[in-house]
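Trainee: Before we discuss this chain, could you set the sequence and the model side by side for us? I would like to go through helices, strands and charged pairs in turn.

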Amino acid sequence: MNSNDSDQRVLTLSCVDVAGIVHAVSGLLLDHAGTIVESQQFGDAETERFFLRVRFARTELGSFDDLKLRNDLERLADRFSMAWRLLNPAARPRVVIMVSRLAHCLNDLLFRNSIGELGIDVVAVVSNHPDLRPVAQRYGVPFRHIAVSPATKKAAESELLALLEQESVDFVVLARYMQVLSDDLCKVLEGRAINIHHSMLPSFKGARPYGQAHERGVKLIGATAHYVTADLDEGPIIEQDVARVDHSMTESDLIAVGRDLECRALARAVQWHRQNRVVLNGTKTVVLQ
């Protein structure tokens with residue numbers, strides 16, 4: 001049996017939880033000379049939905065007929081009213097990272113990707129400020145400055161959309177991009193834009209959230225990575241990280257801990273999305289590990 005990533009595919013799906021789903025999927029893969037090498041599943045008793053991720057390989061020489069495979073999956077999806085996504089794990093998704101002036105998440109993602117941890121092609125770094133151009137240049141990534149003001153917001157988003165189409169971008173990462181996306185742009189990017197922010201919302205909104213947290217003597221701080229929706233900072237959560245803090249720590253200490261949490265949570269969210277592990281479940285996600 002071939003075991004290279006190029007000879008494999010990863011399928012995720014969700015549908016109403018009824019009998020026969022796994023049997024039907026296994027039979028379809030067998031018809032395509034495929035065998036399951038990794039599988040995770042979850043049945044949500046609350047929503048009565050079923051979630052499945054399978055990584056499968058060819059049992060014979062040759063490549064998958066992706067067109068026929070997708071056509072057969074479409075027929076199966078019609079039968080079970082499935083939402084599904086099929087990826088080649090060897091393919092490197094094309095990604096745009098959006099930033100403002102804070103460099104920690106951008107630098108972390110570009111470093112992790114440079115050592116092969118994320119497996120993505122960062123085709124551009126887009127920012128509403130020019131400050132982080134040197135960080136992108138250090139990793140050989142094109143930098144695009146798209147200034148945003150109330151008067152130019154619509155034009156700026158049109159320029160961004162043109163870039164995403166031109167570069168055939170698969171998904172977008174908001175690595176501390178400090179601009180609110182319009183509802184229209186959120187709809188265009190639905191399910192393929194990942195954001196990161198501190199997890200102290202809604203208690204500490206606005207400026208100096210860590211300062212506010214320090215003044216209130218919080219004992220826990222965290223970070224949340226989630227899909228972008230029109231509901232500001234309330235999209236389906238992919239990953240969260242948390243750390244204990246105490247009275248001896250200054251506001252600067254909290255900010256430093258928060259930066260690390262944001263980097264870690266965002267990197268895991270990007271990796272899981274790239275690996276086709278995240279499936280929407282209403283206002284939540286299921287991460288099939």
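Mentor: Keep in mind from the outset that this is a predicted model. Let us begin just after helix α3, where G116 takes a positive phi of about 85°.

Trainee: How many of the 11 residues of helix α3 are buried?

Mentor: Helix α3 covers residues 104-114, and its buried residues include C105, L106, L109 and L110, together with charged ones such as D108 and R112. The cover over these buried residues includes strands β5, β6, β8 and β9 as well as helices α4 and α8. The helix is therefore largely enclosed by the rest of the structure, and the number of its residues that are buried is 8.

Trainee: Is V172 buried or exposed?

Mentor: V172 has its place in strand β8, and, leaving aside residues up to four places away in sequence, it touches V96, M98, L164, L189, R192, A193 and I194. Its C-alpha is also 5.9 Å from that of I97, although the two are 75 residues apart in sequence. The relative accessible area of V172 is 1%, and because the cut-off for the class is under 20%, V172 counts as buried.

Trainee: Which residue meets D72 in a salt bridge?

Mentor: An α-helix has 3.6 residues a turn, so residues three or four places apart point the same way. D72 lies in helix α2 with its partner 3 residues apart, about one turn of the helix. D72 is buried at 13% relative accessible area, whereas the partner counts as exposed at 54%. The side chains meet at 2.2 Å, N to O, and the partner is R75.

Trainee: How far apart are the closest N and O atoms of R208 and E251?

Mentor: Side chains of opposite charge can pair when their charged atoms come close. R208 and E251 form such a salt bridge, and the pair links distant parts of the chain, with R208 in the loop between β9 and α7 and E251 in helix α8, 43 residues apart. Both are partly exposed, R208 at 44% relative accessibility and E251 at 23%. The distance between their closest N and O atoms is 2.9 Å.

Trainee: Which residues gather with D231 in a patch of negative charge on the surface?

Mentor: D231 is found in the loop between β10 and β11, where it is partly exposed, with a relative accessible area of 49%. The residues that gather with D231 in the patch are D183, D184 and E234.

Key:
Residues are numbered from 1 along each chain as its sequence is written. This is a predicted model: local features need pLDDT of at least 70, side-chain atom pairs count only at pLDDT 80 or more; totals for chains, interfaces and linings use all residues. Side-chain values use heavy atoms; hydrogens and water are left out. Buried means under 20% relative accessible area, exposed over 50%, partly exposed in between (1.4 Å probe, protein chains only). Helices (H or I, at least four residues) and strands (E, at least two) are DSSP runs, numbered from the N terminus. Contact means heavy atoms within 4.5 Å. Patches are made of residues with over 30% relative accessible area and no salt bridge: like charges are joined within 9 Å, nonpolar side chains (Val, Leu, Ile, Met, Phe, Trp, Tyr) within 5 Å. Accessible areas come from the Shrake-Rupley method with a 1.4 Å probe; for residues, only the protein chains shown count as cover. A salt bridge is a side-chain nitrogen of Lys or Arg within 4 Å of a carboxyl oxygen of Asp or Glu. Lys and Arg count as positive and Asp and Glu as negative; His and the chain ends are not counted. The place of a charge is taken as NZ of Lys, CZ of Arg, CG of Asp or CD of Glu.
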